[in-house]
Amino acid sequence: MSIFDKTRAMFHLPDGVIYLDGNSLGPLPHHAQDRVDEMIRDQWGEMLITGWNKAGWMEQPSRVGDRIGRLVGAEAGHVVMGDTLSIKVYQALASALEMQPGRKVIVSDTGNFPSDLYMAEGLIRSLDKGLSLKLVDPDAIEHALDESVAILMLTQVDYRTGRMHDMADLTRRAHEKGIVTVWDLAHSAGAVPVNLAEVGADFAVGCSYKYLNSGPGGPAFIYVAPRHANEVTPALSGWLGHESPFAFDLSYRAASGVERMRVGTPPVIQLAALEAALDVWDHVDMDTVRARAIDLSELFIAEVERTCPDLVLVSPRDADRRGSQVSFSHPEGYAIMQALIAQKVIGDFRAPDILRFGITPLYIGEQDILTAASTLHRIMEDGLWDRDAYRVRARVT
Ligand SMILES: *Cc1c(COP(=O)(O)O)cnc(C)c1O
């Protein structure tokens, strides 16, 4: 039995479904369900308020953070869980800006996820210090880095195309100009090997409900480099980031290290699901998953290009420059994706014309890739997508 047969058996997937959307919402690990049931019954149900001490709910954000930290090459004790990713982006950015009092520009790219950019806009407005957000083409970042730039804020893997930045190279170039980096690992954590300590990243944030399978609404993580962790003053200075929350002091004193990035009460049930979901990584390492994801992605690209000439690959052809997803464009992309979903092959659509497929070896194998490609071929060949019902846009695409 291969290691991937073993990991696949750890997930629940509905009968007949080929799930190529784990880049957006990971599937349910069986033992996450068991662990959550148990947590609700034995901890919440029986322990009530004493669960905070008895069941270790208060330490859970750092305990789980450390396990994710190992997947992204963080130093132990420098990752903490909580809130949504948008909030964590705001927090990291606010702290990074505070370290750069004389500088006024935040550089990001046009491939970044809009929420990250919106959070930057909102923060700039509240600070009212004449800061600006400069968006450049993803290929032109190095030319935008000069001494006026305070922060380089990037998402490593582009959510639409899967194009992947060279994190080590850009971090080094940024540091040469005295720029602080904020990396969003939403489509990296659990998808591609990352080594935050080695590249010398300053701040990093990321998602748990995508490739880490914590379930809808699972909390985000934040990393602060050890050299900054006791220097930053959190903008969202909530009581659980206080040095002594239960002293109920009238003014804020930051907790030591990354704990200060906690804000309020952690989502204990969701963290129980995440903690269980992370057990899969006790059986397989990131490099093995990455190698397999590349093989499966190459196979999918080859099959789709061979059989669906109207679909245009928009992901980088070079596997080293691509995350763990493959995207194609087509003017009728939305309808094609709905037709595919109707045949139980689930990917998703990103405006204006992108069909997106997450390649996740933990529960997707070669046969799934071949079946997905042949289903797509049939839909294209027979024009099965050409129905009004498939053009009706749902609220979530
Ligand atoms: C998925 C994703 C988000 C989502 O943020 P939430 O606050 O968790 O909804 C933000 N940024 C990036 C880059 C993402 O990929």
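Which residues point one way from E12, and which the other way? Figure 4 gives the answer. The views come from a predicted model.

**Figure 1. The whole protein holds 14 helices and 15 strands.** Its radius of gyration is 22 Å. The globule rule gives 21 Å for 397 residues, so the protein is as compact as a globular protein of that length. The C-alpha trace spans about 70 × 55 × 40 Å along its principal axes. Contacts with a separation of 6 or more tell how the chain folds back on itself: residues 24 or more positions apart account for 73% of them.

**Figure 2. The protein has a surface of about 16,900 Å² that is accessible.** Carbon and sulfur atoms own 52% of that area. Buried residues make up 56% of the 397 residues. The protein carries 38 positive and 54 negative charges. The mean positions of these two sets are 3 Å apart.

**Figure 3. Four strands build an open sheet.** Read across the sheet, the order is E11-E12-E15-E14. The pairing is antiparallel. Strand E11 (312-313) sits at one edge and strand E14 (348-350) at the other. Each edge strand pairs on one side only. E11 pairs with strand E12 (residues 325-329) over two bridges, in the antiparallel sense. E12 and E15 also pair in the antiparallel sense, over five bridges.

**Figure 4. Strand E12 is largely enclosed by the rest of the structure.** The reason is burial: five of the five residues of E12 are buried, so the strand is largely enclosed. Gln325, Ser327 and Ser329 point one way from E12. Val326 and Phe328 point the other way. Residues on both sides of the strand are buried. Across the pairing with E15, Val326 stands opposite Phe357.

**Figure 5. Ser329 is a buried residue of strand E12.** Ser329 lies in E12. What makes Ser329 count as buried? Its relative accessible area is 13%, and buried means under 20%. Val312 has Ser329 as its bridge partner in E12. Leaving aside residues up to four places away in sequence, Ser329 touches Asp310, Leu311, Val312, Val314 and Asp353. Val312 is thus a bridge partner and also one of the residues that Ser329 touches.

**Figure 6. A cis peptide bond joins Ala351 and Pro352.** Omega is about 5° at this bond. Most peptide bonds are trans. Where does Pro352 lie? Pro352 is in the loop between E14 and strand E15 (354-358). E14 is an edge strand of the sheet in Figure 3.

**Figure 7. Asp83 and Asn213 each have a positive phi.** Most residues other than glycine have a negative phi. For Asp83, phi is near 65°. Asp83 lies in the loop between strand E4 (79-81) and helix H5 (85-98). For Asn213, phi is near 60°. Asn213 lies in the loop between strand E9 (203-206) and strand E10 (221-224). Are these residues buried or exposed? Asp83 counts as partly exposed, at 27% relative accessibility. Asn213 counts as buried, at 2%.

**Figure 8. Leu117 is a buried residue in helix H6.** Helix H6 covers residues 114-127, and Leu117 is found in it. Leu117 has 10% relative accessibility, so it counts as buried. Which residues does Leu117 touch, not counting residues up to four places away in sequence? They are Ser108, Asp109, Asn112, Leu133, Leu135 and Met153. One of these, Leu133, is 16 residues apart from Leu117 in sequence. In space, Leu117 and Leu133 are 8.2 Å apart, C-alpha to C-alpha.

How values were computed: Residues are numbered from 1 along each chain as its sequence is written. This is a predicted model: local features need pLDDT of at least 70, side-chain atom pairs count only at pLDDT 80 or more; totals for chains, interfaces and linings use all residues. Side-chain values use heavy atoms; hydrogens and water are left out. The radius of gyration is taken over C-alpha atoms; the globule rule is 2.2 Å times the number of residues to the power 0.38. Buried means under 20% relative accessible area, exposed over 50%, partly exposed in between (1.4 Å probe, protein chains only). Contact means heavy atoms within 4.5 Å. Accessible areas come from the Shrake-Rupley method with a 1.4 Å probe; for residues, only the protein chains shown count as cover. Lys and Arg count as positive and Asp and Glu as negative; His and the chain ends are not counted. The place of a charge is taken as NZ of Lys, CZ of Arg, CG of Asp or CD of Glu. Two strands pair if DSSP finds at least two bridges between them.
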